[in-house]
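Work through the exercises below with the sequence and the coordinates open. Each task is followed by a solution in steps.

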Amino acid sequence: MAALLAAVLMAVLAVVVPAGSAQAARSFPEEGKPLLGAVLEWGEDTAGGFSERLRASPAIFGHDIAFPFRAAEENDIRGFLEQSAGQGAHVMLTVRPAVPLDQVTADAAAAFAGEVRRLQGDFNGQLLIRFAPDMNASWVEWGQQPGDYRLAFRAVTAAFRDAGASYVMVWEPYLGKDYPFDRNRNAPGPGTEGFSLLDTNGDGAWNGSDKAYEPYFPGDDAVDWVGLTAYHDDTAGGAAVNTVPRTGELQEMLTASGGENFYGTYAAGLDKPFMLQTSAFYSPSSGGAAEGEIKNGWWDQVLGVAASPDFALTGAVVWDERTSTRDTGVASIDWRLTGNAGIADAAHTRLEKSPVLTGPVTDVSSGPGFVRSNTLSGAAAWTVGAALIILLVALWQLPARLSAVTAWGYSDPSGRDSRVDLLRGLAIVFVVVNHLGMVSLFQLLTQEAVGFVSGAELFVLFSGLVVGMVYGPRAKDDFGTVVDLTSRRAGKLYVTALVVLVGVFLLSLLPFFRTEALTTFVDQGTGGAGHDGAGRTYDLYAGMESLFQFPVPAQVLPAILLLQFGPWQFNVMGLYVVLLLASPLILAALNRGKTVWVLAASLAVYAVGTVTRFRLLPSQFEDSFPLLVWQVLFVIGLAAGFHRRGIVAWLSAHTWVVAACTALAFAFAFMSWGNPYLANGFDVRLAIIPDTAYRAMYDLFFGRTYLAPGRLLNVLVLVVAAYAFLTAYWKPVQRALGWFLVPLGRATLYVFIMHVVLIAVIANISVLQQENILINTLAYAVVLGLLWVMVRTRFLFKIIPT
């Protein structure tokens, strides 16, 4: 059982006018007053948290849903609808296309609408369908493709109109202040029909002088409500800065951004209800204006706009009630209105004096609260914890109690440590499974199922460990040879990284071959950009096409040489090259008996890196594996490999340390199973900590990008515990898994390189993109078996590093 990190289901609480039909929903409330809502992550405390802190009940809940519909989401959606009915609320489904827009056909839309209607059951509230929001932005996969977007939106509208009268179509672009942002790689090029739609002023260029909303409007007959995502955020996507809202800032956004008067054109001009989705940027660690000044000031503007006769068609106000990070984890951001009790009280006072209404707006369901079928809580969850304790005690006592078990211990006449090879093999399997990204049963084992640890941390740690084991004994007497060998290997890996970088780029030029899995990165909301980054798409080769210009821009070739481009699945190679080049100096210090000083210096650099987020290099790997931070794993591994025999002997004499590490590893695993981000419909979580508290704990102590202290400790105790387990139970493990994992572990770099090729192949097999768990699980078995065969037959070993 494991509860794993997965794509974040971002829930949207919004408020809309109660209505009995789609036509009625096109008008705002009879009282002429907008209603209040908030964007939240849907979870156990979605209803109570916001209502209690702001003392105002939301009138609609919202939930993300993929197009096409994914069966794994069914349980969550049913629970979401039940929870909404219990609050007397309407709902809004934010539909995020998981396929290219040109695949959103009439038939596909009809099938999707049918699934939604089936899940709706006897829910008697209104359903707002917000299809592909922020379509004018560059960071969503469906962004900046106006022709395809219009057709897709109209197809979805037609499908829901056929499905019934309780559905309302919402069209919501992103504020066009900085339009066209960084351009989406799927945006149409010059000379195409799509480009002519983007070039609204007909000057042959697409830039800030073109309208930000007009190209994407699907038509008056296809849209019931219009909305705009507009935040107070003066960062323009750059460094965090806390600023007080300017007087009239929100009104200016609604009437004079993106080269258009959004409210005047699309709400007042077409007589459609208007929904404002908003929040105010505040970063606690960034100095500047105080949180109260920022949020109370923006809240005043929001309520002022909602009550103004100039914006009389305002039907809903939606506040983003969440936290996130930005700049690859550099700054934490608190978007919440209710995160601070004083601010929440002030907001409540202003709300009471405003004409804005809150829920409930439908009949309140009196049924029992919904509990996910794949969530264990209360006694069931703690029973799992008790079972872990029993297992831990049994594993610890069996070798001492049963002579037969004692014979299972590790013995290997060769000088190579097969236990390390097996653990390296396990780490590379984790990497391959997570990088291929298919929904499968394998994810239940590889996505933080053994604690707050991924394959990446183990891969880096064991890379250092092997360097210490292989080159450590030679560093004292033959230092020159060590420098030569490590430099040559680093050079070979650097050339390999360049070949992969350029090869993927050339492959992306083939019109019939899909390479988006390698050339773009779709944020799942669990990385450095935080929860609000979910769905954003980043072009990893942006600007490299200028290689075909003459003359070639001066900055392109240095960017290639510095590995500023390349597949995200391969970027850790740059980190490894740098650390390998530095390894002889570290080994020299270890040979001089300076191990304590080496580790102290490494930890000090790690601390500086986590606090300052300083980048030494412009290379892409610094986004995911900051050098100053991740070096600590490599250096610890290097020192452990250098002193391996002494460390093993010391641990054998101090078994209480091994026992403590094993107990901690079990405790971390138990805690990680409480993660609310589930991998798929087969995943199970333990509801031992409320969702919001869990996320706060995770971000503070177990964040991945900057190796939060809890994660670093988890990696180290897990390796000690796993090594001890293999020492005691080697023979049965070797028979069950060793035959497969040990060969992979002895050729981890080869497997790592070859898995990039397999990612490209799998991305072009359509049946594997349908998220069929059983088919994908079989595909994973085939991929891992193929890699094992390639290793056993030494396929291309003379060319590809092992």
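**Exercise 1: a salt bridge and its exposure**

Arginine 514 has a relative accessible area of 39%, so it is partly exposed. The model is a predicted one.

Task: find the acidic partner of arginine 514 and give the distance between the closest N and O atoms.

Solution.
Step 1. The partner is glutamate 516, and the closest N and O atoms are 3.7 Å apart.
Step 2. The cut-off for a salt bridge is a side-chain nitrogen of Lys or Arg within 4 Å of a carboxyl oxygen of Asp or Glu, so a pair at 3.7 Å qualifies.
Step 3. Glutamate 516 is partly exposed because its relative accessibility is 22%, and buried would require under 20%.

**Exercise 2: a pair across the chain**

Task: decide whether aspartate 421 is buried or exposed, and locate the two members of its salt bridge with arginine 746.

Solution.
Step 1. The side chains of aspartate 421 and arginine 746 form a salt bridge with an N to O distance of 2.8 Å.
Step 2. Aspartate 421 belongs to helix α13 (residues 418-436), while arginine 746 sits in the loop between α27 (730-745) and α28; the two are 325 residues apart, and the pair links distant parts of the chain.
Step 3. Aspartate 421 has 3% relative accessibility and is therefore buried.
Step 4. Arginine 746, at 37%, is partly exposed.

**Exercise 3: another pair, a network and the total**

Task: classify both members of the salt bridge between arginine 615 and aspartate 623, then state how many salt bridges there are.

Solution.
Step 1. The closest N and O atoms of arginine 615 and aspartate 623 lie 2.5 Å apart.
Step 2. Arginine 615 is partly exposed at 33% relative accessibility, and aspartate 623 is partly exposed at 31%.
Step 3. Elsewhere, Glu291, Lys295, Asp334 and Arg336 are joined into one network by salt bridges that share partners.
Step 4. The count is 23 salt bridges.

**Exercise 4: nonpolar cores**

Task: which helix gives the most residues to the largest nonpolar core?

Solution.
Step 1. The largest nonpolar core has 117 residues, and Met573, Leu575, Trp630 and Tyr750 have the most contacts inside it.
Step 2. Helix α28 (residues 748-762) gives the most, 11 residues.
Step 3. A second, separate core holds 93 residues, including Leu93 and Leu337.
Step 4. Beyond four places in sequence, the contacts of tryptophan 630 include Leu575, Phe625 and Leu707.

**Exercise 5: a surface patch**

Task: name the residues of the nonpolar surface patch of about 360 Å².

Solution.
Step 1. The patch is made by Val757, Val761, Ile765, Val767 and Ile775.
Step 2. Isoleucine 775 lies in helix α29 (residues 773-792).
Step 3. Isoleucine 775 is partly exposed because its relative accessibility is 36%.

Key:
Residues are numbered from 1 along each chain as its sequence is written. This is a predicted model: local features need pLDDT of at least 70, side-chain atom pairs count only at pLDDT 80 or more; totals for chains, interfaces and linings use all residues. Side-chain values use heavy atoms; hydrogens and water are left out. Patches are made of residues with over 30% relative accessible area and no salt bridge: like charges are joined within 9 Å, nonpolar side chains (Val, Leu, Ile, Met, Phe, Trp, Tyr) within 5 Å. Accessible areas come from the Shrake-Rupley method with a 1.4 Å probe; for residues, only the protein chains shown count as cover. Helices (H or I, at least four residues) and strands (E, at least two) are DSSP runs, numbered from the N terminus. Buried means under 20% relative accessible area, exposed over 50%, partly exposed in between (1.4 Å probe, protein chains only). A nonpolar core is a set of buried Ala, Val, Leu, Ile, Met, Phe, Trp, Tyr and Cys residues joined through side-chain atoms within 4.5 Å. Contact means heavy atoms within 4.5 Å.
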